[in-house]
Amino acid sequence: MIQVKNVVKSFDGFLALQGTTLHVKKGSIYGLVGPNGAGKSTIIRHITGIYKQDAGEICVDGEPIWENVKKKEKIAYIPDDVFYFQGANMKEMQKFYSMIYPQFDKELFDKLGEYFPKIDPKKRIKSYSKGMQKQMAFWLAIACRPEILVLDEPVDGLDPVMRKQVWSILMKEVADRQITVLVSSHNLRELEDVCDHVGIMSEGSVILERSLAELQENTFKIQMAFEGEEPDLSDIQDILHTSYIGRVKTIIVKGNSARIVAQIEAKKPLFYDVLPLTLEEIFIYELGGANYEVKDILL
């Protein structure tokens, strides 16, 4: 559905994107994660046709997105900082959106109002908080009946109840209409619950792109303890991190789990346990391998 290939973009000599490549499948929820300044918002603005790349290709359904009005009509975009016309209310924004999106569903717009009971469609939007304005953005975006929904920090500023409400609406749209969702967020715990594919960005490039299931299969945690002197584990390749709590040793390993477990068993530990990593842990240790200090990553 979305194909980004070797995209390069610079601003006043600063190289923001360095050969960025990613692929978002139709009907999937793709989570784009990375530290501040990694280039997430920049590539999103290219995918939505706001920026034009210096080099590389960005296609939606096989067609370039830049100045492609027909393709843009199928994309709804909620940026981190939402914009509304000064003095406008939701009714007026609904009329504006319906002129831009031919498939805008007025009946659905009215129905969605039930999920946002604290919003008065006739009240000026600028009088509401940032969190309430984010709710309005979701309301309008879903009513556009998009084929692709692009979200940049979508639930920032929402309370826990409304966050759950918004994700529920989004998941229902994916299940009912097979829409494609690209979401960038620092809240990795929430992404873990909704995403089926993940891309990790670092310094203007996507350094890892996998299904969430594959990521969790290939990077995992092993806790173990030995009687007496600890044996040499240097033959176990791709140990990303090692830590101790008393006699219990924990290693974060990337590779074939069956092979690594067999190596551990050969060392005759008193016990060992293989545990899955959270998306947050995978993010930390993958970036740790890209010369990032864990303490410098803000989650």
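Is T250 buried or exposed? In this predicted model, T250 is buried, because its relative accessible area is 11% and the cut-off for buried is under 20%. That residue makes a handy starting point, so let us look at what surrounds T250 and work outwards from there.

T250 sits in strand β13, which covers residues 248–254. Leaving aside residues up to four places away in sequence, T250 touches K221, I222 and Q223, and also H241, T242 and S243. To place these contacts, it helps to have the neighbouring strands in view: β11 spans residues 219–225 and β12 spans residues 239–245.

These strands belong to an open sheet of four, ordered β12-β13-β11-β14, with antiparallel pairing. Which strands stand at its edges? They are β12 and β14; each has a single partner strand, so one side of each is left without a neighbour in the sheet. From one strand to the next, the twist averages 20°. If you follow the antiparallel pairing of β12 with β13, you will find six bridges, and Y244 stands opposite K249 in β13. Helix α9 packs on this sheet and touches β11, β13 and β14, with a direction that makes about 10° with that of β11.

Stay in this region for a moment and look at the loops. K267 and D235 form a salt bridge, with their closest N and O atoms 3.1 Å apart. K267 lies in the loop between α9 (257–266) and β14 (271–276), while D235 lies in the loop between β11 and β12, so the pair ties together parts that are 32 residues apart in sequence. D235 counts as partly exposed because its relative accessible area is 39%.

Now turn to the other sheet. How many strands does the open sheet with mixed pairing have? There are six, in the order β6-β7-β8-β3-β9-β10. Its edge strands are β6 (75–78) and β10 (205–211); each has a single partner strand, so one side of each is left without a neighbour in the sheet. Here the twist averages 15° from one strand to the next. Strand β3 (residues 29–33) pairs with strand β8 (residues 180–184) in the parallel sense, over four bridges, and G31 stands opposite V183 in β8.

Two helices are worth tracing against this sheet. Helix α5 lies across β6 and β7 (148–152), running at about 180° to β6. Helix α6 (residues 160–177) lies across β3, β7 and β8, and runs at about 145° to β8.

This brings us to the nonpolar interior. The largest nonpolar core has 59 residues, and those with the most contacts inside it are Y84, M90, I119, L149, L151, V181 and V183. Helix α5 (residues 130–143) supplies the largest share of this core, nine residues. L149 is a good place to zoom in: not counting residues up to four places away in sequence, L149 touches A76, A141, I142, L170, I179, T180, V181 and L182. Apart from this core lies another, of 23 residues, among them M1, V4, A38 and V150.

What about charged pairs elsewhere? The structure holds 15 salt bridges. One of them joins the side chains of K9 and D54 at 3.8 Å, N to O. This pair links distant parts of the chain, with K9 in strand β1 (residues 2–11) and D54 in the loop between α1 (40–47) and β4 (55–60), 45 residues apart. K9 counts as buried at 12% relative accessibility, whereas D54 counts as partly exposed at 46%.

The side chains of D61 and K71 also meet in a salt bridge, at 3.5 Å, N to O. D61 lies in the loop between β4 and β5 (63–64) and K71 in helix α2 (residues 69–72), so this pair ties together parts that are 10 residues apart in sequence. D61 is partly exposed, with a relative accessible area of 39%, and K71 counts as buried at 8%. Salt bridges that share partners also join D105, R145, E173 and R177 into one network.

Finally, a word on the cysteines. A search of the whole structure finds zero disulfides. C59 is buried, with a relative accessible area of 14%, and C144 is buried too, at 0%.

Conventions: Residues are numbered from 1 along each chain as its sequence is written. This is a predicted model: local features need pLDDT of at least 70, side-chain atom pairs count only at pLDDT 80 or more; totals for chains, interfaces and linings use all residues. Side-chain values use heavy atoms; hydrogens and water are left out. A nonpolar core is a set of buried Ala, Val, Leu, Ile, Met, Phe, Trp, Tyr and Cys residues joined through side-chain atoms within 4.5 Å. Buried means under 20% relative accessible area, exposed over 50%, partly exposed in between (1.4 Å probe, protein chains only). Contact means heavy atoms within 4.5 Å. A salt bridge is a side-chain nitrogen of Lys or Arg within 4 Å of a carboxyl oxygen of Asp or Glu. A disulfide is a pair of cysteine sulfur atoms within 2.5 Å. Two strands pair if DSSP finds at least two bridges between them. Axes are lines fitted to C-alpha atoms, for helices over the stretch in contact, and angles run from 0 to 180 degrees between N-to-C directions.
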